[in-house]
Structure formats: C-alpha cells, structure tokens
Amino acid sequence: MNAPKSPAPLNAGVAITAVLAAAAVVGLVSVRSAARKPTAPNPTRTPVVAPDGMMTLETLLGLSPETLLKAIPDPGTKTASAREVIRWRTEAGNAPKAAVHWVNLGDALMQQSREKSDPHCYDFAHAAYAIALKNEPQNIDATVGMAWVAGSRHQFDKSIELARQAIALDPNRPAPYGLIGDAQVEMGDYDAAFESYQKMLDIRPDASSYSRGAHLLFLTGNTTQAMRLMSLAIKAGGPYTENGAWCRAQLADMLWQTGMLVPAEVVLKEAVKQAPDNYQVLNVLGRLRQSRGDLRGAEAAYRKAIAASPQHAALVALGDLYLAQGRTAQAEETFRQVETANAHHQQHGDHDPYPMAAFYADHDRQLDQATRIIGERPPKSPTEQEIAAWVHFKSGRLPEAKALIDSALKKGPSSPARYFRAGMIYARLGERRKASGYLNHALSRNPHFQILQAKQAAETLKEMGGRPPSGDSRQADSRRRNADPVSGKVTR
C-alpha cells in the first residue's frame, strides 16, 4: 500500500496532524460573480423559468428588491432557519438599502440549502448577496456569502477568488480561509488545505473549523485525531440544530466506514434525537441498519431521507437495496429519480458531475455519458481520480484505470469503496496479489461497506482462490474498531 505523506501539524488547543473540509458545520461556500450588477427590472418581460418551474438565477438578478422578496418561497416556520428567512425577508423589505439585512437573508437561505439540499436556495441567496453588494460594494460578509455560494456550486476557482477578496478587506475573518480550504480539498490540494484550515483554526477554533479539520484528518488517514476533532465540533455546537446533528452524523459515518458499528449507533442515536427528519442523518442511519442486516429498517430510513430531500446518495442507496433483494422494477424507478434529481441540480447551477459518472459506472449504464463527464472535466481530487479510474475500468481502458487508481491511493488511507475498486481493477489486470490485498483491506475495514460491492469483493476473492477475512481473523480489528473515539475504551 502507498504510505501517505505526513501533513504539517495543526493547532487548536490540541496537537492535530491535518485538516480538511467538504461541508463544515457552519461552513461557507460561494456563487458566481460578486461584481455582477442586477439589471433593471422589465415589467413587460415574462419571467424566465427553469424546466422545473422555478425562476432562473438570471431572472432573479433582474428583479427589483421588492419583487425578489415576494418571489422567495414560503419556508414555513418549523425550523430556526425558516424563521430566520422570514425575519430577514421582513427586515430587508422595511429597510431595502441596509446591506446587513440582505446578507443575513442570504445566510439564512444558505442554511436552508444545507437542511433541504435544495439548489434553488443558492439562487435566492446569490441574489440577496448581490443586492447587499450593490448597496455596499466593499461589504465583507456579502463577499464571503458569494464565495459560499460559489463553492456550493463547485465553482472552486471563483470561490477562492472571492474569499481572497474578503481576506484583502479583513485578514482576521476565519470564514474565507475555510472556504479556500474547502475548494483546495475538492481540487485535491491537501497540503494547501492544511495551511488554510490552520489559519482558520488559529483565528477561531469553533464547530466550523473543528469539523473541517476532522474531515481532512479522516481523509488523510489520521482516524483517531479526526474523531477527536469532530467530537470537539460537537461540543462546540452551532447556531442551528442541524449543525450539531450534521457533526454527529459525520462522526457516526467515520465510525461506520471503519467498521465501528456499536459506537456509530450510539453517536447517531443523539443525531436522530436532534434532527429526526434531517436527510444526512437518515442516510447514515440507513447505512448502519443495512450493515446490521435490517434491510426493512434501512429502506424506511432511505425513504424518509428522500421524502425530506430527494438527493443523490439516498436514492442510489435505496435503488441498490432494491437490486440486492431482486426488486428490479422498484430499483429502476428509483434510478430514474436519480436522473431527475441530477437534472434539477444542473438547472440551478449546483452540479458536480462525478457522482453521476460513478452511478453510471457502478450500474453499467450510459458508460459513454460517464466517459464524456470525466473527459470534459479531468479529475483533480483523489475521489475524482477514483471515479474516473472506475469509468475507464468499466469501459475496458485498463491502463488508464490503473494509472488513476494508483494516483488516488497515493493520497493516503482510502475508503473501503476505493480499495474495492482498486482490487477489481488489479484483478482484471491479472495482478492477483495486489487485487487480494486491496479487496481484503476493503472488507477488513468494513465488511458491509456497500450492499452490492461487498458481496462482489468476497466473490472475487473466492474466484482468485482466496477468501474474505473471517470473523476470527477480524476479532482484534473489531475490538479496535469498537473503541470509543475519544477515550479509546472498548465499547461492548
């Protein structure tokens, strides 16, 4: 296996070894151009709508402030973020020249996007930040908000550019460094991300910086420190219930990925209490139940997650659950919803094409489309390299698959899914020793990492004359995996 490069230490009251970010608890991201000025509204013009019936960003930017406020959908009053949307929508209406009201409205809308995974919230937030910048061109918080939206839309170069503009205005704001680190992580530049997150931690150690650090630590293989730092994020708390639930869900997912099912369930139980309808919490709950063999419970969790927000991960997981049970018609219907959800996100500028490329390759469908995706946007991060390798593998381009999976593995300890894909690629190449090593590693970390791929890994090992790790051979690993992430004591 390739050994990871040791990152520079991070300090936040405790010695840390690295950090990352992909969706920090109170993290920010970004939008399109902060310099773009809204055009004057044209009362005779018919509003342009996307195919899903929602107004496009271009149309929203052309509305008057008063009309924009009326266009924001009623968020209801069930959550704190919904109440904040209503509050700041009212404040902005009463004082439309006050940039702070528009910034707060944009922030509340971005929090709504976190809770609902609704990319249309990005459009309204972008428009709110744009009005704030029109009223006050040097407003730091609005510039940071634009960077938040841009990062959320995977416009990473734009997010970095806007975040640096905010730093130039005030180098002591922590959020811009976190956004730059987020973009650097997504682009695979972990060394630079370490530095960005360290700056954020130095300025303000809080849930946002801790959770980012935890994610990077986990990606780079420092599992124990990652879990410690995520525990600090949980203790620090955030302004919204979703923030704490998200942190607990992330910690539970880390535990699940390393096979520590008992502590994962303990952690997630609290997250479910905090946010029983949160789609990210429910996704992890589905994975845990599936790993326990509770397929009916897993299905219920995934279906509830989809009802809250029909997003990619839960839809694919539910479809695979149906496939594993031979319910092919239901699986196909669910996979059609994957396509619909993907189209919805594309229409509103929130589009990372690589999950769809992975979906196509995993299910041997539309491989030409998957190849087009990785060709149009060459892979940068280890995750993108892994997916591109898998697409090449499924399309029969083994030299390209080998080069890319090797590059992904060099970044450090990998997820069970990455080791599985590496094992399958090397099995096809005829390199049985490496193939067996990677497949065994995937199953040793989590023998239930994916309902279809885990079974395929075990079958491939058997075909090569080997066997998956037995219960006896995993006993020592099991005790380590079921240790409490903070105290190190084994949980029974």
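In this predicted model, helix α13 (residues 261–274) packs with helix α14 (residues 279–291) at an angle of about 145 degrees, and their axes lie 10 Å apart; the axes are lines fitted to C-alpha atoms over the stretch in contact, with angles running from 0 to 180 degrees between N-to-C directions. Helices (H or I, at least four residues) and strands (E, at least two) are DSSP runs numbered from the N terminus. The crossing of α13 and α14 is left-handed, a term that applies if the near helix is turned anticlockwise from the far one by less than a right angle. From α13, the contact (heavy atoms within 4.5 Å) takes in Leu261, Ala264, Glu265, Leu268, Ala271 and Val272, while α14 contributes Val281, Val284, Leu285, Leu288 and Ser291. These residues divide into 9 nonpolar, 1 polar and 1 charged, where Ala, Val, Leu, Ile, Met, Phe, Trp, Tyr, Cys and Pro count as nonpolar, Asp, Glu, Lys and Arg as charged, and the others, Gly among them, as polar.

Leu268 also appears in the largest nonpolar core, which has 86 residues and in which Met230, Leu268 and Phe420 are those with the most contacts. Such a core is a set of buried Ala, Val, Leu, Ile, Met, Phe, Trp, Tyr and Cys residues joined through side-chain atoms within 4.5 Å; buried means under 20% relative accessible area, exposed over 50%, and partly exposed in between, for a 1.4 Å probe and protein chains only. Helix α12 (residues 241–257) supplies the largest share of this core, 9 residues. Leaving aside residues up to four places away in sequence, Phe420 touches Trp390, Leu439, Ala442, Phe449, Gln453, Gln456 and Ala457. A second, separate core has 47 residues, including Ile72, Tyr122, Ile131 and Leu179.

Helix α18 (residues 354–362) is largely enclosed by the rest of the structure, because 7 of its 9 residues are buried. The buried residues are Tyr354, Met356, Ala357, Ala358, Phe359, Tyr360 and Ala361, and they pack against α16 (312–324), α17 (328–347), α19 (367–376), α20 (382–394) and α22 (416–429). Just after α18, Asp364 takes a positive phi of about 50 degrees.

Positive phi values also occur at two residues that are not glycines, His154 and Gln366. The loop positions of these two are tabulated below, together with their phi values.

| Residue | Phi | Loop |
|---|---|---|
| His154 | about 65 degrees | between α6 (140–152) and α7 (156–169) |
| Gln366 | about 45 degrees | between α18 and α19 |

His154 counts as partly exposed because its relative accessibility is 23%, and Gln366 likewise counts as partly exposed, at 38%.

Across the chain there are 25 helices and 2 strands, and buried residues make up 53% of the 492 residues. Of the contacts with a separation of 6 or more, 61% are accounted for by residues 24 or more positions apart.

The mean pLDDT (the predictor's confidence in each residue, from 0 to 100) is 85 for the chain, and 83% of the residues reach 70 or more. Over residues 1–9 the pLDDT is below 50, and this stretch has 23 contacts in the model beyond near neighbours in sequence. Over residues 11–51 the pLDDT stays under 50, with 161 contacts in the model beyond four places in sequence.

Residues are numbered from 1 along each chain as its sequence is written, and side-chain values use heavy atoms, with hydrogens and water left out. As this is a predicted model, local features need pLDDT of at least 70 and side-chain atom pairs count only at pLDDT 80 or more, whereas totals for chains, interfaces and linings use all residues.
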